[in-house]
Amino acid sequence: MPRSKETWYWPQAGKRWNKTWKPNPEFWRDKTCIDIGIWKGHLNARALKEYNCKTIIGVEPFEEHRVDCERVCPNTKLYKQIEDLPENISVDIIIMHGLIKLLGKYWKEQVSLLLSKVNARFIHVRHGVKNNFTGLDRETNIYDLKNYDDMPSQEELVLFFKSKNYLEKALNKHQGSCFEYKVDAK
Ligand SMILES: C[S@@+](CC[C@H](N)C(=O)[O-])C[C@H]1O[C@@H](n2cnc3c(N)ncnc32)[C@H](O)[C@@H]1O
C-alpha cells in the first residue's frame with residue numbers, strides 16, 4: 001500500500017525539531033515569528049510551549065496542512081501564499097525551513113516579495129545542498145517541480161540575503177543546513 005503524505009511526514013517531525021529548533025533555545029525564546037511553509041504547525045506549537053515563541057503568521061499553500069494547522073496553532077493567522085500577505089508585517093523572526101528549494105526558479109522573486117512585506121530582525125533558514133527528488137516530497141510544491149535544479153546553493157543564498165541587508169551569523173553553522181541571518185544594524 002502506498003504511504004500517505006501523513007505517514008511520511010510524522011517520523012520527520014522529531015528529526016526536524018532536533019535539527020532546527022532544539023540547538024538554540026535562546027534564539028527562539030519570547031520571540032514572534034512568521035513561518036513560510038508552516039506545514040501542520042506541530043513544531044511551532046512545541047516552540048510556543050517550550051520557548052514561548054509565538055508564530056503569529058503562517059503561509060501554507062496546501063489546504064490539508066492548513067486545516068491541521070488551524071487546530072494545532074489556533075492563534076496563528078494563516079495565508080495560502082506569500083502574495084496574500086498584508087503589507088507592513090513586523091515580527092522578530094522570518095522562518096523558512098525546507099522551503100526555498102520548493103520555490104524552484106521563483107525563489108528570488110518570492111523571497112524578495114516576502115522581504116518587501118515583512119520587517120524582521122532575523123531570518124532563520126534550513127536549506128540543504130542539492131539532492132534528487134525521492135518521490136513524495138515533490139508533492140509539497142506548487143510549481144510542479146521535476147527536480148531541484150533551480151534551487152540556490154548555500155553560498156548563493158548567503159550573498160542574496162547580504163544584498164537584502166541580512167548578514168549571516170555563524171551561530172547555527174555546525175548544524176550544516178541551518179543558517180541564521182541578522183539584519184545589519186549599521
Ligand atoms: C519541507 S516542508 C517543511 C515543513 C516545516 N517548515 C518543517 O520545517 O518541518 C515545506 C513546507 O513548505 C510548504 N510549501 C511548499 N511550497 C510553498 C510555497 N510556495 N509557499 C509557502 N509554503 C510552501 C509545503 O507545503 C510544506 O509544508
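In what sense do S5 and S7 pair, and over how many bridges? Keep that one in mind while you set up the view, and remember that this is a predicted model.

**Stop 1: the strands.** Select S5 (118–126) and S7 (178–183). They pair in the antiparallel sense, over 5 bridges. To find one of the matched positions, click isoleucine 123: its bridge partner in S7 is tyrosine 181. Now add S6, residues 166–169. S6 also runs antiparallel to S7, and 4 bridges join the two. For a spot to zoom in on, try lysine 169, which stands opposite glutamate 180 in S7.

**Stop 2: the core.** Next, go for the largest nonpolar core, which has 39 residues. Color Ile34, Ile36, Ile94, Met96, Ile100 and Ile123, since these touch the most other members. So the Ile123 you clicked in the strands turns up here too. Elements giving two or more residues to this core include strands S1 (32–36) and S2 (54–59), along with helices H3 (42–51), H5 (107–117) and H6 (154–163). Strand S4 (89–97) is on that list as well, and the largest share, 5 residues, comes from S4. As background, nonpolar side chains tend to be buried together in soluble globular proteins.

**Stop 3: isoleucine 100.** Stay on this core member and show what surrounds it. Beyond its neighbours within four places in sequence, isoleucine 100 is in contact with Trp107, Val125, His127, Met151, Pro152 and Leu157.

**Stop 4: the ligand.** Finally, select the 20 residues around the ligand. Gly37, Trp39, His97, Gly98 and Thr140 come nearest. Color this shell by residue type and you'll get 10 nonpolar, 8 polar and 2 charged.

Technical notes:
Residues numbered from 1 in each chain as written. Predicted model: local features only at pLDDT ≥ 70, side-chain atom pairs only at ≥ 80, totals over all residues. Near = placed C-beta within 6 Å. Nonpolar A, V, L, I, M, F, W, Y, C, P; charged D, E, K, R; others polar. Core = buried A, V, L, I, M, F, W, Y, C linked by C-beta atoms within 7 Å. Buried ≥ 20, exposed ≤ 12 C-beta atoms within 10 Å, placed from the backbone. Contact = placed C-beta atoms within 7 Å. Pairing = 2+ DSSP bridges.
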